[in-house]
Amino acid sequence: MLDPQLFRSDLESVQVELKRRGIDFDAKSYTSLEERRKSVQVKTQELQNERNLRSKSIGQAKAKGEDVQPLLDQVQGLGEQLKAAETELSSIQGEMKALMEGLPNILDADVPAGNDEEDNVEISRWGDIPQFDFAVKDHVDLGALNQGMDFEVAAKITSARFVALKGSIARLQRAITQFMLDTHTDVHEYSETYVPYIVNADSLYGTGQLPKFADDLFKINANSDLYLIPTAEVPVTNIVRNEIVDAKDMPLKMVAHTPCFRSEAGAYGRDVRGLIRQHQFEKVELVQIVKATESEQAHEALTQHAENILQKLKLPYRKVLLCAGDTGFSSTKTYDLEVWLPAQETYREISSCSNFKDFQARRLKARWRNPETGKPELVHTINGSGLAVGRTLVAILENYQTESGDIKIPDVLQAYMGGLEKISIV
RNA sequence: GGAGAGGUGGCUGAGUGGCCGAAAGCGGCGGUCUUGAAAACCGUUGAAGGUUUAUCCCUUCCAAGAGUUCGAAUCUCUUCCUCUCCGCCA
């Protein structure tokens, strides 16, 4: 949610900023709605004030034992007037809220113009692209070779876009997860956090998935308002919903490993093969809750923390700054980390690190108390994948394959694999 | 799952229709005293919004939502949550 004060003080710049997102904001109808809001709110509050004063005088008269009937006659009709005004006000406020929550965050000044991923800007590259003197296999074929990755059996158990992992591949996924968690807690000083995998609608509203993106979510059943989490961002960020965080506890740095569930109706047709786009996948998520003055710096740091994982795994990657059209609804600025996949001969997204500034915090009512003013201020929220575990598994299988079909185990993971140096396919 | 008791400010806790945004205590902040600190004493201390923007003033908020009433923290209904006992269970 954007700051309503900004709309009142500088509507023109809001219009200009939203234009960068390709949104033609109708300032005229907003202004007329806002004027109605103002006049109806003032009128409602005046009526409430009158009711309060008259009720008080009735109480005082009664206490003195006076006849209150004349006073009661005077307030006749006031209740209905008030009710009508309150109803009108809440309907205007509802309209206003619907308008506001449909608007995306304002983009950071250095987000490049553009419509889609074609216009994203590469910031840096890391690592040497591996050269193979044999025909490389993709992760689906590699997984099939040692029967560690089974899409057919998952389709039987559930449906398409699920996977079953077995044996050393399943263990490798667990090793990747453990390595990421240990690095983020021990080296990057995040606090390990365990959260529910099912959240309520209020939480999804707080981080911005609802009301706009309900189609991407798995709802538990028709009668409840509970959903499977699409990312750990939702439960972890909602820890601070309706809270005023102590200054001494800032910044909050949390890391959580969870499965993620995405329905993504309409996403079929792309990445149908393999592990890249699944309804259920594992992810290690980094979340920071920071002061407004520190968020840009924290965003850079968090992105570096995700990069460190790729570097320790010696996986070549590049860092891109998303353009206006590709930046998510709630984000002001997003870096994607894209890992090299030899079979596709391309970089594919493996992490997305975003600074939401106060956009989520305003919805969440997440604040901290500034000791300088003594007043609560909205926090800034930042999160990023550190990393998507399934896609990391894909990247390791493909980048560490050998001609014989063995998969070498990256150095940093060997301890988590019982000292194993490679996975044999036979 | 069954039975019962509850949800009040940062915390503990009083308040069963009007003088209650809410006693008291703790904590926090400011001050007096002290070389300094502690203790003691005095004062102060919720959030959101409207209007003004220098104050003032006004509205809303006692788990959430609806209702009764001139008037609701207080009465009624619904939902959520917590605790105790029983049952079941990793």
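1. A residue is taken here to be near a strand if one of its heavy atoms lies within 4 Å of that strand. With that in mind, in this predicted model there are 22 residues around RNA strand B, and those that come nearest are Arg8, Lys38, Gln48, Arg51 and Ser55. Sorted by class, the surface near RNA strand B has nine charged, eight polar and five nonpolar residues.

2. On the side of the RNA, 72% of the atoms of strand B within 4 Å of the protein belong to sugar or phosphate, while the rest belong to bases. Individual polar pairs can be named for both kinds of partner: a polar side-chain atom of Asn49 lies 3.1 Å from a phosphate oxygen of RNA strand B, and an N or O atom in the side chain of Arg369 is 3.5 Å from a phosphate oxygen. For Gln45, by contrast, the partner of the side-chain N or O atom is a base nitrogen of RNA strand B, at 3.4 Å. The elements that give two or more residues to this surface are α1 (4-9), α3 (27-63) and β13 (367-369), and the largest share, 13 residues, comes from α3.

3. As to confidence, chain A averages a pLDDT of 91, with 98% of the residues scoring at least 70, and the model scores ipTM 0.85 and pTM 0.92. Where pLDDT is low, the predicted coordinates should not be read in detail.

4. Helix α8 offers a simple check of geometry, because its 21 residues (167-187), at 1.5 Å a residue, should span 30 Å, and the 29 Å between its end C-alpha atoms agrees with this. Buried residues of α8 include Ile169, Leu172, Ile176, Phe179, Met180 and Leu181, and among them are also Gln173, Thr177 and His184. Just after α8, Glu189 takes a positive phi of about 60 degrees.

5. Some backbone values deserve a look, because most residues other than glycine have a negative phi, and most peptide bonds are trans. Glu345, although not a glycine, has a positive phi of about 50 degrees; this residue lies in the loop between β11 (333-341) and β12 (346-357), and Glu345 counts as exposed because its relative accessibility is 64%. Lys365 also has a positive phi, near 55 degrees, and its place is in the loop between α12 (359-364) and β13; at 48% relative accessibility, Lys365 counts as partly exposed.

6. Two cis peptide bonds can be inspected as well. The bond from Met250 to Pro251 is cis, with omega near -5 degrees, and Pro251 is found in the loop between β7 (244-245) and β8 (252-261). The bond from Gly386 to Leu387 is also cis, with omega near 10 degrees, and here Leu387 lies in a strand, β15 (residues 380-388).

7. What is the count of disulfides? A disulfide requires a pair of cysteine sulfur atoms within 2.5 Å, and by this rule the count comes to zero. The sulfur of Cys323 is 17 Å from the closest cysteine sulfur, that of Cys353, and so is too far for a bond. Cys353 is likewise in no disulfide, the nearest cysteine sulfur, in Cys260, being 14 Å away. Cys323 is buried, with a relative accessible area of 0%, and Cys353 is buried, also with a relative accessible area of 0%.

Notes:
Residues are numbered from 1 along each chain as its sequence is written. Chains are lettered from A and ligands numbered from 1 in the order in which they are written. This is a predicted model: local features need pLDDT of at least 70, side-chain atom pairs count only at pLDDT 80 or more; totals for chains, interfaces and linings use all residues. Side-chain values use heavy atoms; hydrogens and water are left out. A polar contact is a pair of N or O atoms within 3.5 Å; within protein, one must be able to donate a hydrogen and the other to accept it, and residues adjacent in sequence count only if both atoms are side-chain atoms. Helices (H or I, at least four residues) and strands (E, at least two) are DSSP runs, numbered from the N terminus. Ala, Val, Leu, Ile, Met, Phe, Trp, Tyr, Cys and Pro count as nonpolar, Asp, Glu, Lys and Arg as charged, and the others, Gly among them, as polar. The expected span of a helix is 1.5 Å times one less than its number of residues. Buried means under 20% relative accessible area, exposed over 50%, partly exposed in between (1.4 Å probe, protein chains only). pLDDT is the predictor's confidence in each residue, from 0 to 100.
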